[in-house]
Amino acid sequence: MDNKSSTPRITCAYLSQYVGKLVTVVGKVVQLRGEEATIDADGTIHAFLNREAHLSANNGVQLIGKVNPDLSIKVLSSVDLGQGVDYNLANAVVEVTHRYKPLFVYEN
């Protein structure tokens, strides 16, 4: 049995389309409070971090997590991308992957 899955790249605008699903988000860390973070990914996303997350305010971050019904994200993994993130490019990649979904997303 082939059990492929994907984590589509999204921005804040796509959250409601992916409730209950795994996604990838690239954005800027706006605020950190314990195990919670506010991320700007072409809009504000509230993220619940795991204990392995080591993020810094104002740095870029890549999150992989599950979208909750309240449109927050329960983070499964995160990578601090530092200061040099091109957010316009990250958002453009999201738009291309949604325009040409069959090339990027495997759906059961």
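**Reading strands, core and salt bridges**

Modeller: Let us begin with one pair, for in strand β6 the bridge partner of Gly-60 is Gly-82. This is a predicted model, in which local features need pLDDT of at least 70 and side-chain atom pairs pLDDT 80 or more, while totals for chains, interfaces and linings use all residues. Residues are numbered from 1 along each chain as its sequence is written, and side-chain values use heavy atoms, without hydrogens and water.

Colleague: How many bridges join strand β5 to β6, and do the two run parallel or antiparallel?

Modeller: Strands are DSSP runs of E with at least two residues, and helices are runs of H or I with at least four, numbered from the N terminus; two strands pair if DSSP finds at least two bridges between them. Here β5 (residues 60-67) and β6 are joined by 8 bridges and run antiparallel. They form a hairpin that has 5 residues between the strands, and Leu-71 in the turn has a positive phi of about 70°.

Colleague: Which strand runs parallel to β6?

Modeller: That is strand β4 (residues 44-48), which 2 bridges join to β6 (residues 73-82). You can find this pairing at Ala-47, which stands opposite Ile-73 in β6.

Colleague: Is Ala-37 buried or exposed, and what does Ala-37 touch?

Modeller: Buried means under 20% relative accessible area, exposed over 50%, and partly exposed in between (1.4 Å probe, protein chains only). Ala-37, which lies in strand β3, has a relative accessible area of 1% and is therefore buried. Leaving out residues up to four places away in sequence, Ala-37 is in contact (heavy atoms within 4.5 Å) with Gln-31, Leu-32, Ile-45, His-46, Ala-47 and Leu-49. Ala-37 and Val-75 are 38 residues apart in sequence, while their C-alpha atoms are 10 Å apart in space.

Colleague: Which residues touch the most other members in the largest nonpolar core?

Modeller: A nonpolar core is a set of buried Ala, Val, Leu, Ile, Met, Phe, Trp, Tyr and Cys residues joined through side-chain atoms within 4.5 Å. In the largest one, which has 21 residues, Ile-10, Val-23, Val-25, Ile-39, Ile-45, Leu-49 and Ile-73 touch the most other members. Strands β2, β3, β4, β5 and β6 each give two or more residues to this core. Take Val-23 as an example: among the residues that Val-23 touches, not counting those up to four places away in sequence, are Ile-10, Leu-63, Val-67 and Ile-73.

Colleague: What does Asn-91 in helix α1 touch?

Modeller: Asn-91 belongs to helix α1 and, with a relative accessible area of 17%, is buried. Apart from residues up to four places away in sequence, Asn-91 touches Thr-11 and Asp-42.

Colleague: How many salt bridges are there, and which residue pairs with Glu-35?

Modeller: The count comes to 2, taking a salt bridge as a side-chain nitrogen of Lys or Arg within 4 Å of a carboxyl oxygen of Asp or Glu. Arg-33 forms one with Glu-36, and the closest N and O atoms are 3.9 Å apart; Arg-33 is partly exposed at 46% relative accessibility, and Glu-36 is partly exposed at 29%. Glu-35 forms a salt bridge with Arg-51, where the closest N and O atoms are 2.9 Å apart. Glu-35 lies in the loop between β2 and β3 and Arg-51 in the loop between β4 and β5, so the pair ties together parts that are 16 residues apart in sequence. Arg-51 is exposed at 67% relative accessibility, whereas Glu-35 is partly exposed at 39%.
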